[in-house]
Amino acid sequence: MHRVFFQEQNAKIIYGNTLTTTLIEPESIDLIVTSPPYNLDIKYTSSTDKLPYEEYLSFTKQWLKRAYQWLKSDGRMCLNIPLDKNKGGHQSVGADITELAKKVGFKYHATIIWNEGNISKSSAWGSWLSASCPYVIAPVELIVVLYKESWKKTSGSRKSDIVKDEFVEWTQGVWTFSGEKKSKIGHPAPFPVELPKRCIKLFSFVDDIVLDPFMGSGTTVVASKQNNRKGIGIDIDQSYCTLAMNRILSET
């Protein structure tokens with residue numbers, strides 16, 4: 001099943017499974033920007049998003065190992081994950097995945113709070129006006145910034161394209177911008193182009209290779225190409241590969 005589904009200058013789509021594909025060379029990737037499955041029972045067409053939590057963490061550890069192998073020694077990863085979840089039991093998802101990444105070998109750099117203003121996440125009270133069982137839900141997500149061996153980036157073109165205002169704003173650890181509408185993109189869990197754009201301009205050089213191992217609707221590849229990087233996306237679902245290809249063709 002593993003094959004190059006689409007390729008043009010600065011954009012490549014791989015139709016295949018991130019856990020088993022052989023189409024990414026070890027130590028070839030400068031930056032990974034991805035939002036892996038959240039295990040919140042989102043209705044993807046080709047994979048289950050409702051694993052028992054320990055199985056979900058086992059799957060997470062498997063793909064983190066692969067990501068680690070693919071990165072260059074000064075490679076980075078921006079990991080968009082939930083802070084926590086309360087669907088099917090309360091879990092500290094962000095903390096658990098960060099700890100798993102460190103066990104795999106990643107080094108921790110920072111956590112960016114993405115304030116996406118999704119008020120629907122804060123509408124379950126548990127108990128109303130009572131201390132019996134109140135729920136606390138923050139309408140934010142995390143972008144955990146990790147790296148392989150060296151934080152200082154020495155490989156690549158050494159050419160940055162970020163401007164002063166962007167650098168000053170984006171190095172503050174709270175980013176506020178809206179999420180993406182599912183209906184607009186045609187995917188059940190898209191993130192907005194603004195998210196990978198910021199990660200790409202802040203953490204990579206022009207012409208670097210940027211990978212999204214859970215490409216979905218192709219947002220990271222779109223942002224990579226728009227910002228003069230080489231984007232690669234992997235997805236297990238052929239219909240999402242088609243969706244991503246069409247977005248690359250129309251938005252870049």
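This briefing covers the sheet, one buried helix and one pocket of a predicted model. Local features need pLDDT of at least 70 and side-chain atom pairs count only at pLDDT 80 or more, while totals for chains, interfaces and linings use all residues. Residues are numbered from 1 along each chain as its sequence is written, and side-chain values use heavy atoms, with hydrogens and water left out.

**Sheet**
- Nine strands (DSSP E runs of at least two residues, numbered from the N terminus) form an open sheet with mixed pairing, in the order S1-S2-S9-S8-S3-S4-S6-S5-S7.
- Strand S1 (3–8) and strand S7 (174–176) are at the edges with a single partner strand each, so one side of each has no neighbour in the sheet.
- S5 and strand S6 (residues 140–147) pair in the antiparallel sense over 8 bridges; two strands pair if DSSP finds at least two bridges between them.
- Trp114 stands opposite Glu141 in S6.

**Helix H6**
- Helices are DSSP H or I runs of at least four residues.
- Helix H6 (residues 219–226) is largely enclosed by the rest of the structure because 6 of its 8 residues are buried (under 20% relative accessible area, 1.4 Å probe, protein chains only).
- The buried residues are Thr219, Thr220, Val221, Val222, Ala223 and Ser224.
- After H6 comes Asn228, with a positive phi near 60°.

**Second largest pocket**
- The lining of the second largest pocket divides into 10 nonpolar, 5 polar and 5 charged residues; Asp, Glu, Lys and Arg count as charged, Ala, Val, Leu, Ile, Met, Phe, Trp, Tyr, Cys and Pro as nonpolar, and the others, Gly among them, as polar.
- A pocket is an open set of 1 Å grid points where a 1.4 Å probe fits, with protein on both sides within 12 Å along at least five of seven lines, and lining residues have an atom within 4 Å of a point.

Technical notes: Buried means under 20% relative accessible area, exposed over 50%, partly exposed in between (1.4 Å probe, protein chains only).
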